[in-house]
Amino acid sequence: MDVAVLVKQVPDTYSERKLRESDWVLDRDSSDAVIDEIDSKGVEIGLQLTETHGGTVTVVTMGPDRAKETLRKALAMGAHKAVHVLDEALAGSDALQTSAALAAALRTLEVDVIITGNEATDGRTASMPAMLAERLGWAAVTSVTAVSVEGSVVSAQRVVEGGAARVSASLPVVLSVNEKVGEPRYPNFKGIMAAKSKPVSVLSAADLGLDASSLGLVNASTQVVSGAPRPLKSAGEKVTDDGEAGNGIAEFLVAQRLI
Amino acid sequence: MSEVIVLVEHADGAIRKVTGELLTAAARLGAPSAVVIGPAGTAAALTEQLGAAGAVKVYAAESVDPTKVLLTGQVAALQAAVAAAAASGGAQGPAAVLVAATFDGREIAGRLAVRLDSGLLADVVDVALEGGVVVATQSVFGGAYTTRYQVTRGVPVISVRGNSIDGAADPVSSPEIVDLATEVDAATTTTVSEWLPEEAGDRPELGGAKIVVSGGRGVGSADNFHVVEELADVLGGAVGASRAAVDSGYYPHQFQVGQTGTTVSPQLYVALGISGAIQHRAGMQTSKTIVAVNKDTDAPIFEIADYGVVGDLFTVAPQLASAVKTRKG
Ligand SMILES: Cc1cc2nc3c(=O)[nH]c(=O)nc-3n(C[C@H](O)[C@H](O)[C@H](O)COP(=O)(O)OP(=O)(O)OC[C@H]3O[C@@H](n4cnc5c(N)ncnc54)[C@H](O)[C@@H]3O)c2cc1C
Ligand SMILES: Nc1ncnc2c1ncn2[C@@H]1O[C@H](COP(=O)(O)O)[C@@H](O)[C@H]1O
């Protein structure tokens with residue numbers, strides 16, 4: 001069974017993330033770039049599926065040159081090969097454009113399962129798995145916490161607001177993993193060394209046959225109207241418990257008319 | 001006035017709170033049309049409630065059972081509703097499609113945006129009509145920024161965050177019901193074999209609660225979490241948890257507050273034994289008043305606390321609970 005796992009490079013959530021004040025888009029230079037934690041969990045599930053059923057894991061990203069670090073990280077975890085969709089013309093793509101480019105790249109791979117994160121930590125649109133499934137004409141099984149494949153049927157437990165459900169679909173499918181799907185493995189030294197010689201193919205918009213007049217910020221389907229930073233809270237009073245701090249909080253809440 | 005298509009969420013014969021919020025938002029953009037998916041008769045049974053919440057028209061999509069087939073029925077119904085609204089509204093077409101920004105809603109919106117080749121605006125906290133253009137507001141990085149977006153083509157497909165729209169639309173006495181025929185492609189079908197709903201419980205819903213009391217790793221165990229619950233209960237609040245508390249098995253995942261959990265913005269947020277990692281703060285830093293109890297004086301939660309106590313939560317929280325109880329009598 002061949003699996004593609006989508007991995008996105010995102011600003012590290014441990015650092016303070018910023019929007020550029022000129023156009024209110026993500027300032028990718030202001031913080032460290034890392035593989036989105038949710039996507040390393042996707043890689044883990046992809047590896048587990050191929051360990052059980054055989055086949056290969058191809059990791060796929062779309063992003064600027066330095067996004068290749070993210071591919072290397074996934075290769076070091078054990079993925080077999082990588083595809084990097086890389087083209088200046090794709091800069092500023094919205095979700096529709098990104099899904100069109102990624103779908104074109106995924107069509108070249110002929111996989112049975114595509115795995116994504118349920119939502120990226122930078123955009124949080126949680127739309128990519130659905131958009132890819134729609135473009136490919138596949139079923140989508142999203143926000144899964146457990147998954148297994150038997151023959152041509154994928155069974156999964158998914159969890160969403162309000163509860164969980166056991167669901168199934170026929171291959172091929174797009175799966176998106178929920179944060180609670182389990183922890184990813186760490187790349188070991190051997191994996192890191194092996195990753196250096198694993199194949200990474202770089203595909204441009206032209207390689208993917210994308211229509212040049214549909215690409216990039218100028219052809220995006222959404223546009224920023226305005227933006228503003230919000231003044232965040234600053235620290236208030238801080239006391240050390242002298243045995244009366246619980247009562248002290250109660251007095252504070254009364255003064256604030258909260259109780 | 002253009003129609004604004006709203007996907008209805010309902011359970012046990014009642015529309016969910018978020019559907020009322022979506023209809024309120026829709027009324028700001030045009031004439032709300034509610035799309036109901038369910039077995040035959042569902043729409044008729046909900047029409048009075050939908051009218052009371054502002055729906056002018058109700059589309060009944062009753063050919064696909066959403067309890068058996070996941071989400072593609074909703075996508076097909078919305079697509080059919082958009083087509084019906086375009087046909088009846090002439091060149092104008094519908095002003096927008098609104099769904100709740102849940103995982104399911106965002107998946108539905110993603111498929112629909114591709115199908116309509118329309119701009120998608122996800123997880124918005126406000127919508128407005130400005131000079132005939134639909135403008136949606138997003139809250140980015142846990143409220144650190146506010147951005148406003150519009151679409152440049154198609155009918156805007158918008159997912160709206162729950163508990164972010166206030167007010168109510170004018171009630172409509174007898175909304176018109178229009179039947180929609182929809183079909184789903186078997187190849188794209190995900191089938192549900194069993195639903196495992198969460199127990200609702202007696203406490204207020206986390207996302208909309210006015211008071212939230214959360215516990216972190218400092219609570220130490222599942223058994224100890226009663227300290228958090230007891231304080232929440234005397235204050236009439238909801239219980240939340242940090243990711244570390246959830247991942248350690250102290251409290252169920254649906255109560256996680258933060259970047260990858262629920263975003264809360266209550267009048268009062270009480271953090272017990274939570275360090276205040278940036279990802280936790282992303283889900284609660286817009287709370288009106290923040291109280292923190294942590295035994296580490298350098299815990300980052302104190303940077304955003306209006307009232308911080310350096311101390312042991314196991315002595316401070318019970319004392320606070322009993323002081324509140326005494327005052328409330
Ligand atoms: C992509 C990503 C997404 C994430 N999403 C979330 C999210 O949605 N929500 C979230 O919460 N985290 C999230 N995290 C995790 C986050 O980074 C932290 O690990 C987590 O918030 C820590 O939880 P905590 O404060 O309970 O635990 P800790 O950081 O371990 O803090 C425990 C605190 O308890 C205090 N303490 C211990 N005993 C006592 C006592 N008896 N009395 C008083 N204080 C005591 C300690 O001093 C300490 O400050 C995410 C991380 C990543 C990478
Ligand atoms: N540019 C990208 N490159 C690779 N994967 C992506 C990209 N954008 C989104 N994804 C995948 O889609 C998931 C959901 O993203 P989103 O829909 O943007 O919240 C992510 O966790 C990734 O797995």
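Q: Which residue has a polar backbone atom 2.8 Å from an oxygen atom of ligand 2, other than Ala126(A)?
A: In this predicted model, an oxygen atom of ligand 2 is paired with a backbone N or O atom of Ala126(A) at 2.8 Å, and a polar side-chain atom of Thr125(A) lies 3.2 Å from an oxygen atom of the ligand. The other residue with a polar backbone atom 2.8 Å from a ligand oxygen is Ser127(A).

Q: How much of the accessible area of ligand 2 does the protein cover?
A: On its own, ligand 2 has 480 Å² of accessible area, and 18 residues surround it, with Asp39(A) and Met128(A) among the closest. The share of that area covered by the protein is 96%.

Q: Which element gives the most residues to the shell around ligand 2?
A: By class, this shell has nine nonpolar, six polar and three charged residues. Two or more residues come from each of helix H1 (37-53), strand E4 (57-62), helix H3 (95-107) and strand E6 (113-117) of chain A. The element that gives the most, with three residues, is E4(A).

Q: Which element gives the most residues to the largest nonpolar core?
A: This core has 94 residues, and those touching the most other members include Val59(A), Leu175(A) and Ile5(B). Leaving aside neighbours within four places in sequence, Leu175(A) is in contact with residues including Leu49(A), Ile114(A), Val141(A) and Val154(A). The element that gives the most to the core, with eight residues, is H3(A).

Q: How many residues are in the other core, which includes Val234(B) and Tyr251(B)?
A: In soluble globular proteins, nonpolar side chains tend to be buried together. Apart from the largest core lies this other one, with Ala245(B) and Leu320(B) also among its members, and its number of residues is 36.

Technical notes
Residues are numbered from 1 along each chain as its sequence is written. Chains are lettered from A and ligands numbered from 1 in the order in which they are written. This is a predicted model: local features need pLDDT of at least 70, side-chain atom pairs count only at pLDDT 80 or more; totals for chains, interfaces and linings use all residues. Side-chain values use heavy atoms; hydrogens and water are left out. A residue is near a molecule or strand if one of its heavy atoms lies within 4 Å of it. A polar contact is a pair of N or O atoms within 3.5 Å; within protein, one must be able to donate a hydrogen and the other to accept it, and residues adjacent in sequence count only if both atoms are side-chain atoms. Accessible areas come from the Shrake-Rupley method with a 1.4 Å probe; for residues, only the protein chains shown count as cover. Helices (H or I, at least four residues) and strands (E, at least two) are DSSP runs, numbered from the N terminus. Ala, Val, Leu, Ile, Met, Phe, Trp, Tyr, Cys and Pro count as nonpolar, Asp, Glu, Lys and Arg as charged, and the others, Gly among them, as polar. A nonpolar core is a set of buried Ala, Val, Leu, Ile, Met, Phe, Trp, Tyr and Cys residues joined through side-chain atoms within 4.5 Å. Buried means under 20% relative accessible area, exposed over 50%, partly exposed in between (1.4 Å probe, protein chains only). Contact means heavy atoms within 4.5 Å.
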